[in-house]
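Ready for a few exercises at the desk? Have a look at the model, try each task by yourself, and then compare notes with the worked solution.

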Amino acid sequence: MSDDSVFEELADAADASARLTHARLGDDELQRRYQRVARGGPRPETGDRPQILDIWRAIAEDCVREDLWVWGDGPVRDAVADAEQLLCLLLPATRLPRLALDRPDMTSQEVLAALAPLGDERKIPHRLAAILLDYYAEHADNGTPTFTGSVDSYAVSVTLSLATLGFVRIFRTSTARQALRDQLRDLEERASVRLTAAQEGLLRTFSVTEFDTESPAGRALLAMVNQDRLPVPQVVARLRADWQEMLAAAPETLVADDRDADLLECGWPGGITATVTALEAVEELISERTRVLGLLDEEQQRLSRKLQLRYELALSYWAGIATFGSGRWPVEDVPWVATDGESSDYNTLQVASLAMKGMVARRGADAQLARIGSILLELADRARITRRSAPDEPHEHPDFAPLLLQRAVQLAGLVTDAHRREALLALVDRMRDHHMPPRRSWHTTIAVVRALVAVSVARAESPVRSGAMADFTSELLTEAEHLYDREMLDPQQSLPEQLERIGADLRRAREIRREKPGVAAAVAADVNRRLRELAAARESRQESQF
């Protein structure tokens, strides 16, 4: 059987499974699935939640006037800005269980205090649903979703629509009022229609652009990737060899068989930043949360599979370009010069993000991730995020600092070396506490919110485990079990209760050694100490008998 046939059979099986899942999902099942996501998901520490609540408080005070919701940053409604405004509320509410708004009986007092202008625990989700309905009605023409045409508009619609669907699915289980359930059904349908249209927009706008080595784009690309200063034909040959497998997996409609140009670039129009934005929207579509909650219908799952192919193609391309060569990586040559000639540290941050995502896909080693960490530290220093800046010093991109914070948090969660992780977390703390920019636009505000959500998620997740720590813990447990067994075999043992407690601690250490190897090592070390004390006491008694 060919690889294509295998893939088609798997796709058919997935489609059948999706139809069954979608047909069978009831309110009780959705609640169970939500709890499954929540149990394994983020539980923010107190250090980050107040910052999000401060933003919520400011939004509620600024956007609710005379009991009406105030949209946007200007007189003209904009689909992207409106979506970003809504995501400032909906993103934390659907990612952080302690800030959830879709289960009125479980809404915390601190959330109610922050969102007081929107009402009480019952009224807040009801009003949020009405505001969301207004958004989807405003940015549609006779039921057909309208977009600005930019990649941003498609990507932010994916994120908002998935958040909306998750919110509706859970909130609906908490109300028996038919009028409200009808309103939520209408909202769900509108969000689903917009999600499908946004997916189609992302598919339509992805492209592979070809160009010659002597073109401006070709010269700019070669200047960045040729850090080893090799002859151009040799560099082109190595690039094409690296791209061979990638292009073989690309859909035929994207890459022509009779290519004449030597070089190429793949992604979404709008450059590196647009490509990162689109890739993160695709990550939302293929995430565990989206799958577990059953947020996609059959057609949306089909579109997601197509987008995932383009995701893998773009990620393979950019991760390869960023780390091309045998010496210094191109992304380490700050600032990054794009093929359109634009040179900026912001470009470097975006390309570093792509390199990091590529390493996650390839399970990159700590040494590679550490090089990305060094780039982030350099960018923070160059942007005067980690050192004092002049009072009126301009910053080219207001969302540079929150995006850098988000990437540092993500990287810290991947690094297993304790010292490298500590350096990244120190950078995270300094940026979070002192350098979040004031709200200049909803684009800036949602960037800050995303960063704070990332910090909360990282705090809740278990860190990547070190192989050295696991080995050390295993050695401690083996030694402790040997000493324990020896004490249990002593016929003159006079402390059975103490040994029973030691045995319970040893079993506990064994149970948690994979999830919490550091804690297991500490417990094993304490067990070893207590067992050696017992052995020393026994030997002392034996000596006193002679």
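The exercises below concern a predicted model.

**Exercise 1. Check the span of helix H6 (residues 123-138) against what its residue count should give.**

Solution. Start with the count: H6 has 16 residues. The expected span is 1.5 Å times one less than that number, so the helix should span 22 Å. Now turn to the model, where the end C-alpha atoms are 22 Å apart, which agrees. While you are here, look at the burial along H6: among its buried residues are Ile124, Leu128, Ile131, Tyr135 and Tyr136.

**Exercise 2. Classify the aromatic pair formed by Tyr135 and Tyr136, and find the cluster that holds these two rings.**

Solution. First, the search of the whole structure gives nine aromatic pairs. For Tyr135 and Tyr136, the ring centres are 5.1 Å apart and the planes meet at 85°. Planes over 60 degrees apart count as edge-to-face, so this pair is edge-to-face. Both tyrosines are buried. Finally, Trp69 and Trp71 join Tyr135 and Tyr136 in one aromatic cluster.

**Exercise 3. Which rings have Arg194 and Arg371 over them?**

Solution. Begin with Arg194, which lies over the face of Phe147 at 4.3 Å from the ring centre. Then take Arg371: its charged end sits over the ring of Trp329, 3.8 Å from the centre.

**Exercise 4. Describe the surroundings of Gln300, and decide whether Gln300 is buried or exposed.**

Solution. Place the residue first: Gln300 belongs to helix H13 (residues 298-322). Its relative accessible area is 0%, and buried means under 20%, so Gln300 is buried. Next, list the contacts beyond four places in sequence: Gln300 touches Ser192, Leu195, Thr196, Gln199 and Leu295. With Ser192 there is a side-chain to side-chain polar contact at 2.9 Å.

**Exercise 5. Where do Asp67, Arg229 and Pro335 lie, and what is notable in their backbone?**

Solution. Recall the background: most residues other than glycine have a negative phi, and most peptide bonds are trans.

- Asp67 has a positive phi of about 70°. It lies in the loop between strand E1 (64-65) and strand E2 (68-69), and at 47% relative accessibility it counts as partly exposed.
- Arg229 also has a positive phi, near 55°. Its loop runs between helix H9 (216-225) and helix H10 (232-248), and at 59% relative accessibility Arg229 counts as exposed.
- Pro335 follows a cis peptide bond from Val334, with omega near 0°. Pro335 is in the loop between H13 and strand E7 (336-337).

Terms used:
Residues are numbered from 1 along each chain as its sequence is written. This is a predicted model: local features need pLDDT of at least 70, side-chain atom pairs count only at pLDDT 80 or more; totals for chains, interfaces and linings use all residues. Side-chain values use heavy atoms; hydrogens and water are left out. Rings of Phe, Tyr and Trp (its six-membered ring) pair if their centres lie within 6.5 Å; planes under 30 degrees apart count as stacked, over 60 as edge-to-face and the rest as tilted. Buried means under 20% relative accessible area, exposed over 50%, partly exposed in between (1.4 Å probe, protein chains only). A charge sits over a ring if NZ of Lys or CZ of Arg is within 6 Å of the ring centre and within 35 degrees of the ring normal. Helices (H or I, at least four residues) and strands (E, at least two) are DSSP runs, numbered from the N terminus. A polar contact is a pair of N or O atoms within 3.5 Å; within protein, one must be able to donate a hydrogen and the other to accept it, and residues adjacent in sequence count only if both atoms are side-chain atoms. Contact means heavy atoms within 4.5 Å.
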